[in-house]
Amino acid sequence: MLIIGIAGGTGCGKTTVVNQIVNELPEEEVGVISQDSYYNDTSHLSYDERININFDHPRAIDFELLHNHLIQLKKGTPIHQPVYSFVKHNRTNDTILTHPRKVMIVEGILILTHPELRELFDIKIYVHADSDERLIRRIKRDLTERGRDIEEVLQRYQSTLKPMHQQFIEPTKEYADIIIPNNKYNTVAVDIVRTIINEKIS
Ligand SMILES: Nc1ncnc2c1ncn2[C@@H]1O[C@H](COP(=O)(O)OP(=O)(O)O)[C@@H](O)[C@H]1O
Ligand SMILES: Nc1ccn([C@@H]2O[C@H](COP(=O)(O)O)[C@@H](O)[C@H]2O)c(=O)n1
């Protein structure tokens, strides 16, 4: 199994890049795990308590479960990937049965901060977009897809998102084997990653 970790700040285009990579590959050969699925289960908290969580700090992520799931997949065992709701700020009761594939892609803002996870990645990729570009994308996406208003996004950006990006996420660029510049759609970089994957699965 080839495990590819794709990190980068919110709105840099990780999900888009993963979709572009996966779209033209055989479904049965490639699987995707999103770090967002592994936000801590916070069912014991009220909604008002949950909205105050710092979702950009590594401690917000259940890295133990994510690590265990990757180990299981490597051993050939399917896992039940949690499903996260950005509207409820919590895990749902659903899970997605995720089968081991020849290539597993793991994407998320904080995945390269965790030493044991980094060890599992055969290829580490960091997607870069400038912070103003990321903020614009984040505003548009959170308003249309994640049930937020402009005040919430800007407040979160100033209070946690920007400082956590500087403290935890941006420094992980140094662990990357490949940095994808993504201020504009980068089809060349996507083709290169797809070629690497094709070599593995052919
Ligand atoms: N290169 C790009 N140029 C312009 N918009 C982009 C680009 N990549 C992604 N987007 C848009 O930005 C938003 C955030 O992208 P997404 O892939 O969800 O980022 P991430 O997963 O890193 O948070 C989405 O609405 C997406 O369509
Ligand atoms: N309840 C939540 C949980 C997370 N976030 C934000 O999501 C961002 C990470 O996801 P990307 O798809 O953008 O990589 C992160 O910056 C968190 O602030 C949230 O808004 N609400």
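Leaving aside its neighbours within four places in sequence, which residues is isoleucine 6 in contact with? I started my notebook with that one, and I keep in mind that this is a predicted model.

**Entry 1, isoleucine 6.** I looked up the contacts and found Lys14, Val17, Val18, Ile105, Glu107, Ile125 and Val127 for isoleucine 6, with neighbours within four places in sequence left out.

**Entry 2, the core.** Ile6 turned up again in the largest nonpolar core, which has 41 residues. Together with Val17, Ile105, Ile125 and Val127, Ile6 touches the most other members. I then checked which elements feed this core with at least two residues each: the strands are β1 (2-7), β2 (30-34), β5 (103-107) and β6 (123-128), and the helices are α1, α3 (63-74), α6 (150-169) and α7 (187-201).

**Entry 3, ligand 1.** I counted 14 residues around ligand 1, and Gly13, Lys14, Thr15, Thr16 and Arg137 come nearest. Both α1 (14-23) and α5 (131-145) supply at least two residues of this shell. By class I noted 7 polar, 5 charged and 2 nonpolar residues.

**Entry 4, ligand 2.** Here I found 13 surrounding residues, the closest being Thr10, Phe55, Asp56, His89 and Ile109. Two or more residues of the shell come from α1 and likewise from α6. I sorted this shell into 5 nonpolar, 4 polar and 4 charged residues.

**Entry 5, histidine 89.** One of those closest to ligand 2 is His89, so I gave that residue a page of its own. Histidine 89 sits in the loop between β3 (79-85) and β4 (90-98). Its phi is positive, about 55 degrees, although histidine 89 is not a glycine. Is histidine 89 buried or exposed? I get partly exposed, because 17 other C-beta atoms lie within 10 Å.

Note on methods:
Residues numbered from 1 in each chain as written. Chains lettered and ligands numbered in written order. Predicted model: local features only at pLDDT ≥ 70, side-chain atom pairs only at ≥ 80, totals over all residues. Near = placed C-beta within 6 Å. Nonpolar A, V, L, I, M, F, W, Y, C, P; charged D, E, K, R; others polar. Buried ≥ 20, exposed ≤ 12 C-beta atoms within 10 Å, placed from the backbone. Core = buried A, V, L, I, M, F, W, Y, C linked by C-beta atoms within 7 Å. Contact = placed C-beta atoms within 7 Å.
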